[in-house]
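Subject: Structure handover and findings

Hello,

Please find the structure below, with the sequence alongside. My notes on it come after.

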Amino acid sequence: MPDAKRIPTNLRNLLILEVLAKSDRPMTAPEINEVLGLPRQTVHRLCVTLEQNGFLVRQGNSRKYQVARRLRELGSGLLQNSRDHIARRQILLDVASTVRETVNYVVPQDSGMHYLDRVEADWAFRIQLPIGTNVPFHCTASGKCFLASLAPRKRRDFVAALKLERMTDATHTQNDSLLAELAEIAEQGHSLDREEFLDGMVAIAVPVQDWNNRFVAALAFHGPTQRISLSEAISRKDLLQDAAIKLRDALFPAD
């Protein structure tokens with residue numbers, strides 16, 4: 001990092017956010033400053049300001065900062081309005097034309113999994129969950145895909161903090177059963193919704209990752225049980241996984 005005196009004042013907040021975005025763990029202000037080399041009090045003051053304005057949040061009562069809702073929404077908005085959106089959309093269209101069911105690109109937010117993009121099935125009978133919808137973590141294929149991407153200890157802590165609301169008779173309402181399935185998902189690389197969110201709907205999801213194997217989003221499709229079975233959904237997992245690789249290459253082109 002260049003001499004701190006050469007870093008423009010209006011760039012310092014962005015550099016702090018960049019350091020946290022590249023980190024795979026929450027960081028304290030001194031840890032952030034090990035990268036930036038700014039005056040110690042300056043980094044502390046800027047982190048407090050970013051926290052007060054909803055861009056950062058501290059992990060519990062600790063001094064460690066991580067990105068907060070407002071920054072994630074900013075990142076989602078930048079993706080939505082960039083040329084990357086066009087490439088992502090084309091990949092979703094290709095998947096939808098093959099599976100002939102609704103295909104979703106879903107990202108985690110504070111209140112659940114957020115439908116950032118989707119291509120609707122062309123059937124008259126379809127289950128509609130429009131762009132912008134948020135769905136639970138514990139009973140959707142995309143939510144369980146995200147939870148399974150967490151390190152085991154963080155996964156346990158996250159599940160312990162969830163309210164496992166019963167949505168159908170198939171919904172996980174006990175931590176142990178959900179954690180057991182998440183461990184299986186982490187090994188097999190795909191997740192299923194076995195009518196856990198809505199009666200009569202099944203879904204399958206795979207993770208979209210960056211080049212550092214960090215979870216970015218879930219790529220999923222769902223359909224009514226009158227038209228698609230779980231075994232049929234699983235038979236299309238390779239198609240989803242290939243599309244997830246295409247999304248990685250489109251959204252994070254190698255240098």
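The notes below go through salt bridges, then helices, then two loop residues.

Please keep in mind that this is a predicted model.

Salt bridges

Side chains of opposite charge can pair when their charged atoms come close. With a cut-off of 4 Å between nitrogen and oxygen, the model has twelve salt bridges. Three of them are described here.

One joins Glu-101 to Arg-227, with 2.8 Å between the closest N and O atoms. Glu-101 sits in the loop between α5 (84-99) and β3 (102-109), and Arg-227 sits in the loop between β8 (215-224) and α9 (230-234), so this salt bridge ties together parts of the chain that are 126 residues apart in sequence. Glu-101 is buried, at 3% relative accessibility, whereas Arg-227 is partly exposed at 23%.

Another pairs Glu-181 with Arg-194, whose closest N and O atoms are 2.9 Å apart. Here the link is between helix α8 (residues 175-188), which holds Glu-181, and strand β6 (residues 191-194), which holds Arg-194; the two residues are 13 apart along the chain. Glu-181 has a relative accessible area of 9% and is buried, while Arg-194 is partly exposed at 37%. Both residues belong to a network of salt bridges that also includes Lys-144 and Glu-196.

The third is between Glu-120 and Arg-118, with an N to O distance of 3.7 Å. In this pair Arg-118 is the buried residue, with a relative accessible area of 4%, and Glu-120 is partly exposed at 31%.

Helices α1, α2 and α3

Helix α1 (9-22) has 14 residues, for which a span of 20 Å is expected at 1.5 Å a residue; its end C-alpha atoms are 21 Å apart, which agrees. Its buried residues are Arg-12, Leu-15, Ile-16, Leu-17, Val-19 and Leu-20.

Two packed helices are described by the angle between their axes and the distance between the axes. For α1 and α3, the axes come within 10 Å and cross at roughly 80°. Since angles of 65 to 115 degrees count as roughly perpendicular, α1 is roughly perpendicular to α3. On the α1 side of the contact are Arg-12, Asn-13, Ile-16 and Leu-17. On the α3 side they meet Thr-42, Val-43, Leu-46, Cys-47 and Leu-50. Among the α1 residues in this contact, Arg-12, Ile-16 and Leu-17 are also listed as buried.

Helix α2 (residues 29-36) has Ala-29, Ile-32, Asn-33 and Leu-36 as its buried residues. These cover an arc of only 100° around the axis, which puts them on the same side of α2. They pack against α1, α3 (40-52) and β2 (65-67). Just after α2 comes Gly-37, which takes a positive phi of about 70°.

Helix α10

Helix α10 (residues 237-251) is made up of 15 residues and reaches 21 Å from its first C-alpha to its last, close to the expected 21 Å. Buried in this helix are Leu-240, Ala-243, Ala-244, Leu-247 and Leu-251. Seen down the axis of α10, they fall within an arc of 110°, so they line one face of the helix. The spacing is in keeping with a general point: an α-helix has 3.6 residues a turn, so residues three or four places apart point the same way. The elements that cover the buried residues of α10 include α5, β3, β7 (201-209) and β8.

Two loop residues

Asp-210 lies in the loop between β7 and β8 and is buried, with a relative accessible area of 9%. Its C-alpha is 9.1 Å from that of Leu-247, 37 residues away in sequence; Leu-247 is one of the buried residues of α10. Neighbours within four places in sequence aside, Asp-210 is in contact with Val-216, Arg-248 and Phe-252.

Asp-199 is in the loop between β6 and β7. At 62% relative accessibility, Asp-199 counts as exposed. The C-alpha atoms of Asp-199 and Thr-225 are separated by 8.8 Å, with their positions 26 residues apart along the chain.

Regards

Key: Residues numbered from 1 in each chain as written. Heavy atoms only, no water. Salt bridge = Lys/Arg side-chain N within 4 Å of Asp/Glu carboxyl O. Helix = DSSP H or I, 4+ residues; strand = E, 2+ residues; numbered from the N terminus. Buried < 20%, exposed > 50% of the residue type's maximum accessible area, 1.4 Å probe, protein only. Expected span 1.5 Å × (residues − 1). Arc of directions from axis to C-beta. Contact = heavy atoms within 4.5 Å. Axes fitted to C-alpha atoms, helices over the stretch in contact; angles between N-to-C directions. Parallel < 35°, antiparallel > 145°, perpendicular 65-115°, else oblique.
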